[in-house]
Every structure is written in structure tokens, then in C-alpha cells.
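The exercises below are meant to be worked with the sequence and the coordinates side by side. Each task is followed by a solution that proceeds in steps.

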Amino acid sequence: MANPQCVANAPILSSSSGEGYVQEFAGLKTYITGSPDSKFAILLVSDIFGYEAPNFRKLADKVAAAGYFVVVPDFFYGDPFDMQKNRDDWFAAHGTDKGFEDAKPVISALKSKGVSAIGAAGFCWGAKVVVELAKSDEIQAVVMLHPSRVTVNDIREVKTPISILGAENDHLSPPELVKQFEEILLTKPEVNFFVKIFPGVVHGWTVRYDTTDVVAVKNAEEAHQDMLNWFTKHVKKGWQRL
């Protein structure tokens, strides 16, 4: 059963939100934003509320404004979670393993398009998808934000530079677990990593925040900047060092 924090502060979805557009990409309906000529691409993998959440698309546009071609696929095939649905049934139908399999053709399509370097960020449900991507050398950087279902064994297999942004109040990935992730990464000198626990925030704070709450917006934007800094270091500058 889904943890209550996983479904708290549900967004009001809007198919018309954002500055980008929706079209099919690698077989999935995808919100696309940013210059199609950019040599740097970012894959964003949503939480259970999917790719039409306005705050999530606003973040995609912010990443695009930093010089990236950004793709936000609908990994739920038009069936994001809502509070009217049975949680267990929904999660059974939308496993992160399927999300990972669907993400592989997206990465391939980005490479076929001619991008030089790729980063991926996953939020809650999406973090489990991107940690699977981090177990190979297919992409250049990964960011997990308030991850869900990620285990210490997942972290042991990570090969890609990874940033983990956790919340102080998070029942899905409590600070104790995030600290375990950090301890494992400390034993892997070949993997660049960054771990940060944000005080006073709850699971979902980076995308499911109240836009009228100044403190909530500030906390979310701090995490967004940390994510962008990681991509700058390992997608843009990392590629230039190759």
C-alpha cells in the first residue's frame, strides 16, 4: 500500500500547463521543452501524479532554460494516480520495473537525436527508475529527489555520478536511510556523489509545494538549483572533459 506521504498534496493536473509541447517520443507521449538543438539532454521521471502536474512542468521549463533539451515522458500511459483509485491496484499496474524498461528507448532516442550527454532526475516513484539507469554507463548523471522504493542494494550497484536530495520528514526514505546511501557511496571512490538532507521539509517538497507559500517555494527552488548544479558539473562540464 502507498505511504500517505506518497499521495499527499496531490496536484491539479493540466494538460496545457508549461511552455513546451506534447508529442510522441520513443513511443511515449512526452512533454518536451528546450532547444531541440542542444547537445545536452535531461530526462525527468515524475512521481505518481504524472507528467501533467503544473509544478513539474514548470521545473522542466526551468531546466530547459539552463540550456538543456528536456523530455518528460508519460510513463503511466494516461493513467496517473488519483485519490479515487485503489492504491494497491494502481501500483501493481505501474511498477517501476516497467518504467525502467520504458526509459531505455527514451535514452536511445536521445542518443540517436545526436545529444552528447544525458542526465536524468527522478522524483519519488521516478527515483527508482533513474537509479536503475545509474547502474550502467548509458547516461552521465542522475539526481534522486525524495526517492521512494530505492534500496541500499540499488545504491551498491550505482556507476553513474549521483546526487540524492532527501527530506528531513520522509517516511519513504527517512534521513537514516539516506545516510546509509551516503555511507555506501563513500566506499565507492569511482562514483562521484552528493547527498543532502533538507531540514524542515516533507516528502514531495520539490514538486508538490504550495506556490503561494514563500518558504515552501524557497525550499523547492534550493533543491532545483542543487539538481541543476549537478547537471552542470556532470552533463555539461563532464562531457567537455571527455
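**Exercise 1.** In which loop is Y77 found?

*Solution.* The model is a predicted one, and in it Y77 is found in the loop between β4 and α3, the latter covering residues 87-93. The next step is the backbone: Y77 has a positive phi of about 50° although it is not a glycine. Most residues other than glycine have a negative phi. As to solvent, a relative accessible area of 48% makes Y77 partly exposed, because that class lies between the 20% and 50% cut-offs. Finally, the side chain of Y77 is joined to that of D102 by a polar contact of 2.9 Å.

**Exercise 2.** Describe the surroundings of D102, the partner of Y77 in that polar contact.

*Solution.* Begin with the secondary structure, where D102 is found in helix α4, residues 96-113. Its relative accessible area of 11% puts D102 in the buried class, because the limit for that class is under 20%. When residues up to four places away in sequence are not counted, D102 touches L28, F75 and Y77.

**Exercise 3.** Reconstruct the sheet: what is the order of its 8 strands?

*Solution.* The strands form an open sheet in the order β1-β2-β4-β3-β5-β6-β7-β8, and the pairing is mixed. The edges are β1 (21-25) and β8 (193-202), each of which has a single partner strand, so one side of each is left without a neighbour in the sheet. From one strand to the next, the twist averages 25°. For a pair inside this order, take β3 (residues 40-45) and β4 (residues 69-73), which run parallel and are joined by 3 bridges; here L43 stands opposite V71 in β4.

Two helices can then be added to the picture. Helix α5 (residues 125-133) packs on the sheet, where it touches β3, β5, β6 (141-145) and β7 (162-169), and its direction makes about 145° with that of β5. Helix α2 (residues 54-65) lies across β1, β2 (28-33), β3, β4 and β5 (117-123), and runs at about 55° to β2.

**Exercise 4.** Is T30 buried or exposed, and which residues is T30 in contact with?

*Solution.* T30 is found in strand β2, and with a relative accessible area of 0% T30 is buried. Its side chain reaches the backbone oxygen of L28 at 2.9 Å. Leaving aside neighbours within four places in sequence, the contacts of T30 include Y21, V22, Q23 and F25, as well as V71, V72 and P73.

**Exercise 5.** Locate I118 and list residues that it touches.

*Solution.* I118 is found in strand β5 and is buried, with a relative accessible area of 2%. Not counting residues up to four places away in sequence, I118 touches residues among which are A41, I107, L110, K111 and V235. As a distance check, the C-alpha atoms of I118 and G200 are separated by 32 Å, the two residues being 82 apart along the chain.

**Exercise 6.** How many cavities of 30 Å³ or more does a search of the whole structure find, and which residues line the largest cavity?

*Solution.* The search finds 1 cavity of that size, and about 60 Å³ of space lies in the largest cavity. Its lining includes P11, S46, D47, F49, F123, V207 and R208.

Notes. Residues numbered from 1 in each chain as written. Predicted model: local features only at pLDDT ≥ 70, side-chain atom pairs only at ≥ 80, totals over all residues. Heavy atoms only, no water. Pairing = 2+ DSSP bridges. Helix = DSSP H or I, 4+ residues; strand = E, 2+ residues; numbered from the N terminus. Axes fitted to C-alpha atoms, helices over the stretch in contact; angles between N-to-C directions. Contact = heavy atoms within 4.5 Å. Buried < 20%, exposed > 50% of the residue type's maximum accessible area, 1.4 Å probe, protein only. Polar contact = N/O pair within 3.5 Å; in protein donor to acceptor, adjacent residues only side chain to side chain. 1 Å grid on protein atoms, 1.4 Å probe; cavity = no way out; pocket = protein on both sides within 12 Å on 5 of 7 lines; lining within 4 Å. Points joined across faces, edges and corners; volume = space filled by probe spheres on them.
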